[in-house]
Amino acid sequence: SYQAWALRHQETAWTPGERFHYSNVGYQVLHLVLERVSGHSYAEAVRAGILQRGGMDATEPVIEASSRPRQAIGYRRLYDDRPAHRSHPLVESQFVEYGIGDGCIVATPEDLAAYARMLLGRGKGAKGRVLTEASFARFIQGGKHDYGYGMGVREVGDHTVLSHGGGMVGITSQLIVDLDAGLGVVAFANGPGDSSALARFALTAVSAARAGKEPPALPEPGKRRPPKNPERFAGKYRIPPQGDRVDGGDSLGAFVVVVEAGALVLVRGKDRISLEHVGGATFQTPHPDFDRFRLRFEGSGDKGFTYVTHGDKWYVNERYKGRSKFAVPAKWVPLLGHYRSYSPWTSNFQVIERRGKLIFVTAEGGETSVGEQFLTERKGGGFFLGKPPTPEVLRFDSIVDGRALRAFLSGHVFHRTP
């Protein structure tokens, strides 16, 4: 409720209806609106209006400790401050009570399948209508943003496909419904598995079975596709001469990237480190010198990439002809560092400087995913995440001894780590 109340201080980034931006706090506001309009608690309204009519008798509308014995145990990777890797051990996720409308449903696969049948029935549940036909038509009106009233909407050929994922700490789920084929699938995972990929595979397999065709081949767990034209990445890389580094260091040293059997190998002294292709021009490795960030090849030219980045470091090869020195505003230096919160969904991030840009870095853990976003200074203070317009603003305060001790983002408070 406080996050919804705090929206009175939030500035909108564009006029209503102009753009789409998913917002958890938006559903928190709807939670309060539903209670005010219905005259009942959120849990009572959801149970009577959706769960009972949909035949979802085993589903709880809020996450409470009393239902914990019936819930699956969720697991996560040990580390949340670096890109996840299959070599990282699993640990039990913390249990969190939650009762706000942006994500507090505890359902079984059977009950979520009943919800899928309600969607296939265009709003008609097992024990009554959840939505009128007119309301259902609005519910799946995705428009140009491919997102209706709480449901992903895509047109695949002449079929309308609805989908939505969900999750709690250590638990993910995925629902996909093909309205025109009359098929729906539900997938759950109580760990780092990709429930979305599992659901897509299941839908393809069921569709093939119905058509009397051979089912698709089972995907190989952990298999990564090799990069296209791997020779583009090869070369000798070193820190640029006269580089203007805030920390002045080069912890990795010069290295060579070679191609072996279509894959990339980083050679540094006697070390031969296999680089795993994540996608595009991005790679990662569990090697302890490189596991905190992904390696991103950039500066593409006709003859290949010209430099590679790794966190706040960057390394050039003989093809690089650009600048090697970039100005760093003194006011940025106190902001650089690692910040943590008590939120299990958005647990931590780092702020780094590279090539004269301030960059926001997140790793896999909770609702965040590994990635980098440039920070754009905002006239009213703080920084936009990415290129404006965007409602996501990162703010800092409590600068002590030349270091910001606190940051604010999306309703969460973060504190600098030692």
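Student: Is Ser398 buried, partly exposed or exposed, and at what relative accessibility?
Tutor: Happy to start there, with the reminder that this is a predicted model. Ser398 lies in strand S22. Buried would need under 20% and exposed over 50%. Ser398 falls between these cut-offs, so it counts as partly exposed, at 33%.

Student: What is the phi of Ser398?
Tutor: Most residues other than glycine have a negative phi. Ser398 is not a glycine, although its phi is positive. The value is about 55°.

Student: Which residue in the loop between H4 and strand S3 (124-125) should I look at for its backbone?
Tutor: Look for a positive phi in a residue other than glycine; here one is near 55°. The residue has a relative accessible area of 40%, so it is partly exposed. Its name is Arg122.

Student: Where is there a cis peptide bond, and what is its omega?
Tutor: Let us go to the loop between strand S21 (383-385) and strand S22 (393-400), where Pro389 lies. Most peptide bonds are trans. The bond from Pro388 to Pro389 is cis, with omega near 10°.

Student: Which residues touch the most other members of the largest nonpolar core?
Tutor: Nonpolar side chains tend to be buried together in soluble globular proteins. The largest nonpolar core here has 28 residues. Those that touch the most other members are Tyr115, Leu119 and Leu162.

Student: Which element gives the most residues to this core?
Tutor: Two or more residues come from each of helix H3 (42-54), helix H4 (109-120), helix H5 (133-139), strand S6 (159-168) and strand S7 (171-178). The top contribution is six residues. It comes from H4.

Student: What does Tyr115 touch, not counting residues up to four places away in sequence?
Tutor: Tyr115 is one of the core residues that touch the most other members. With residues up to four places away in sequence set aside, its partners are Ile50, Met56, Phe139, Met151 and Leu175.

Student: How many residues are in the other core?
Tutor: This one lies apart from the core around Tyr115. Among its members are Leu335, Phe349, Leu394 and Ala404. Its residues number 17.

Student: Which strands do the buried residues of H6 pack against?
Tutor: A check on the helix comes in handy: at 1.5 Å a residue, the 16 residues of H6 (195-210) should span 22 Å, and the end C-alpha atoms are 22 Å apart, which agrees. Buried in H6 are Ser195, Ala199, Leu203, Ala205 and Ala208. The buried residues of this helix pack against S7 and strand S8 (183-189).

Student: What does Ser93 contact beyond its neighbours within four places in sequence?
Tutor: Ser93 sits in the loop between strand S2 (90-92) and H4. Its relative accessibility is 7%, so it counts as buried. Beyond those sequence neighbours, Ser93 is in contact with Gly74, Tyr75, Arg76, Val169 and Gly170.

Student: What is the area of the nonpolar surface patch that includes Val33?
Tutor: Val33 belongs to helix H2 (residues 24-38). With a relative accessible area of 41%, Val33 is partly exposed. Leu30, Val33 and Val37 make the patch, and its area is about 290 Å².

Student: How many residues apart in sequence are the parts tied together by Asp289 and Arg268?
Tutor: The side chains of Asp289 and Arg268 meet in a salt bridge at 2.6 Å, N to O. Asp289 lies in the loop between strand S13 (282-284) and strand S14 (295-298), and Arg268 in strand S11 (263-268), so the pair ties together parts that are 21 residues apart.

Student: Are Asp312 and Lys313 buried or exposed?
Tutor: Their side chains meet in a salt bridge, 3.1 Å from N to O. Asp312 has 19% relative accessibility, which is under the 20% cut-off. Lys313 is at 9%. Asp312 and Lys313 therefore both count as buried.

Student: Which residues are joined with Arg82 in one salt-bridge network?
Tutor: The structure holds 20 salt bridges. In one of them, the side chains of Arg82 and Asp81 meet at 2.9 Å, N to O. Arg82 is buried at 8%, and Asp81 is buried at 12%. Through shared partners, the network joins Arg82 with Asp81, Asp291 and Arg292.

Notes:
Residues numbered from 1 in each chain as written. Predicted model: local features only at pLDDT ≥ 70, side-chain atom pairs only at ≥ 80, totals over all residues. Heavy atoms only, no water. Core = buried A, V, L, I, M, F, W, Y, C linked by side-chain atoms within 4.5 Å. Buried < 20%, exposed > 50% of the residue type's maximum accessible area, 1.4 Å probe, protein only. Helix = DSSP H or I, 4+ residues; strand = E, 2+ residues; numbered from the N terminus. Contact = heavy atoms within 4.5 Å. Patch = residues over 30% accessible without salt bridge, like charges linked within 9 Å, V, L, I, M, F, W, Y side chains within 5 Å. Areas by Shrake-Rupley, 256 points an atom, 1.4 Å probe, with all protein chains shown as cover. Salt bridge = Lys/Arg side-chain N within 4 Å of Asp/Glu carboxyl O. Expected span 1.5 Å × (residues − 1).
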